[in-house]
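Biologist: Could you take me through this one, starting with how the chains meet?
Modeller: Gladly, here it is.

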There are 2 protein chains.
Amino acid sequence: MDVWTTAEVARLAGVSARTLRHYDAIGLLEPASHGHGGLRRYGRPELLRLQQILLLKRLGLRLDVIAEILEGDLEPVDALKRHAAELDTERSRLDRLAATVAATIRQLEGGQPMAPETWFGGLDPATEAQYRDEARRRWGQAVVERAWSTLQDLTPEERRAIPEAFNDINTRLNALREAGAPADGPAAQAVTADHYRLIAVHWGDGPNAEAYRGLGALYTDDPRFKDTYDQVADGFAAYMRAAMDAYADANL
Amino acid sequence: MDVWTTAEVARLAGVSARTLRHYDAIGLLEPASHGHGGLRRYGRPELLRLQQILLLKRLGLRLDVIAEILEGDLEPVDALKRHAAELDTERSRLDRLAATVAATIRQLEGGQPMAPETWFGGLDPATEAQYRDEARRRWGQAVVERAWSTLQDLTPEERRAIPEAFNDINTRLNALREAGAPADGPAAQAVTADHYRLIAVHWGDGPNAEAYRGLGALYTDDPRFKDTYDQVADGFAAYMRAAMDAYADANL
DNA sequence: CTTGCGGTTGACGCAGCGTCAGCCAATACC
DNA sequence: GGTATTGGCTGACGCTGCGTCAACCGCAAG
């Protein structure tokens, strides 16, 4: 009774037969012998090795790492410490993700305020015309016409998605501001890059440094914009402008 | 300028061209037209749809879920709430995993005490003989001989792994005890199942109900065992025995 | 003889692309 | 006019850890 078949080992160890065949295939746990039509026959050393494998697997180690440990090529403590660090990284990633998702849910449920970038969408004709005139003076005829025709071509569904996209960016950026991240730091600049790309999509091309800085200036100097942005949080408009200036300096 | 190629869209949106081709392949984002040798040509609606895709992707949603949302088959808020719940589950799983890994590291670094199940390994000959005699009286000749020959055949390396395996189980079970989990509850019984299987491997077969209960009795009644087990934590021996009794009742 | 159990070897599937490989077309340089 | 470069295209493999068929074989019971 010192030898077991695949199914017996599976039952004893609480794994599937397929798993054992897989471990054989990748060389992690080879049976003591292949006899009589290829039948796998496991001995006691294999059972014990399997126990060690399962112990390490329960800790979340990958099979190739487990193999290295069992071959003596890797110190268990070292591998576990590295693994613990990875777990920690992954956990904080999940934490941030969960926070972002929760914020997005609140935002969707709360009904988002109309962002000023949606100038031409859903406004009454007079106000709309006023914005368009001003935009033309600031950025020129071509840009405004492109943006205008863009918005005209949207389905109502797509149009609804625009404020969400801007609010998403505002939420993210404000979270960084509250966390004390500098506006020209890597985290805030990454979000700003998303903002730039979103603007680029609406304008049909990326704004140059001057135009982008001009847009930022609008956020702090024009009360129609400033009020909306400081509604996100007090001081947010200034933070946003600083981030945009830094972005223009570094990338445009 | 109302139409863009793959590379242009990639640059504007900050994704790889390969990604865009993938999204086309799975039908998530199809170009406005395929013209002139299969060249993909994206229009403004596609750019906007891509923005929505990337927004949702940043939240960790899977591509098929994103597709459902964009097709209008799924409410964004519902999907996000479900996703938030999944994130929470995953996060607590990682928490437990990290705790287990940390405990294992402490255990490996602290040098584990010899578990009494390693009767015949590394003891002086006289003590070893004494254990063997007693084990024979308790569980019979056959079982002891099998277990004995098992241990004889092990390499020193494999022998060192045995206490680790037992200590792993003790650590896990004691964590449950300290958390207030009942010895006959599902969590503790899952660990006990591992313990049973480990014993089964060493004995060459699973002990029956009587033998397993007898082993449990040993833990609380025999001072040599009890002392070692209560060294894990005060009262642990009794908890372990209760878990083993419950396991025997339910499964053997 | 059939049925059924338990064993075997492939091979696909999953998630989301990265990364060649091999081929075409237009442009730029000599 | 030849050619090197750029960019786009379509496959197809790779990664992780098996679950899940599919197709086939051998042995024992009914």
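Biologist: How many residues does each chain bring to the contact?
Modeller: Chain A and chain B each put in 46 residues, where contact means that C-beta atoms, placed from the backbone, lie within 7 Å. This is a predicted model, in which local features need pLDDT of at least 70 and side-chain atom pairs count only at pLDDT 80 or more, while totals for chains, interfaces and linings use all residues. Residues are numbered from 1 along each chain as its sequence is written, with chains lettered from A and ligands numbered from 1 in the order in which they are written.

Biologist: Which helix of chain A gives the most to that side?
Modeller: Helix 5 of chain A does, with 21 residues on the side that touches chain B; helices here are DSSP runs (H or I, at least four residues), and strands are E runs of at least two, numbered from the N terminus.

Biologist: And how are the two copies related?
Modeller: A turn of 180 degrees with a shift of 0.0 Å along the axis lays chain A on chain B with an RMSD of 0.1 Å, superposed by least squares on C-alpha atoms of residues with pLDDT of at least 70 in both. That is the relation of a two-fold axis, and in chain A the C-alpha of Arg91(A) is nearest the axis, 3.2 Å from it.

Biologist: Switching to the DNA, which residues come nearest strand D?
Modeller: Of the 16 residues around DNA strand D, those are Arg18(A), Arg62(A), Ala7(B), Gly38(B) and Arg40(B), counting a residue as near if its C-beta atom, placed from the backbone, lies within 6 Å.

Biologist: Which helix gives the most there?
Modeller: Helix 2 of chain A, with three residues.

How values were computed:
Contact = placed C-beta atoms within 7 Å.
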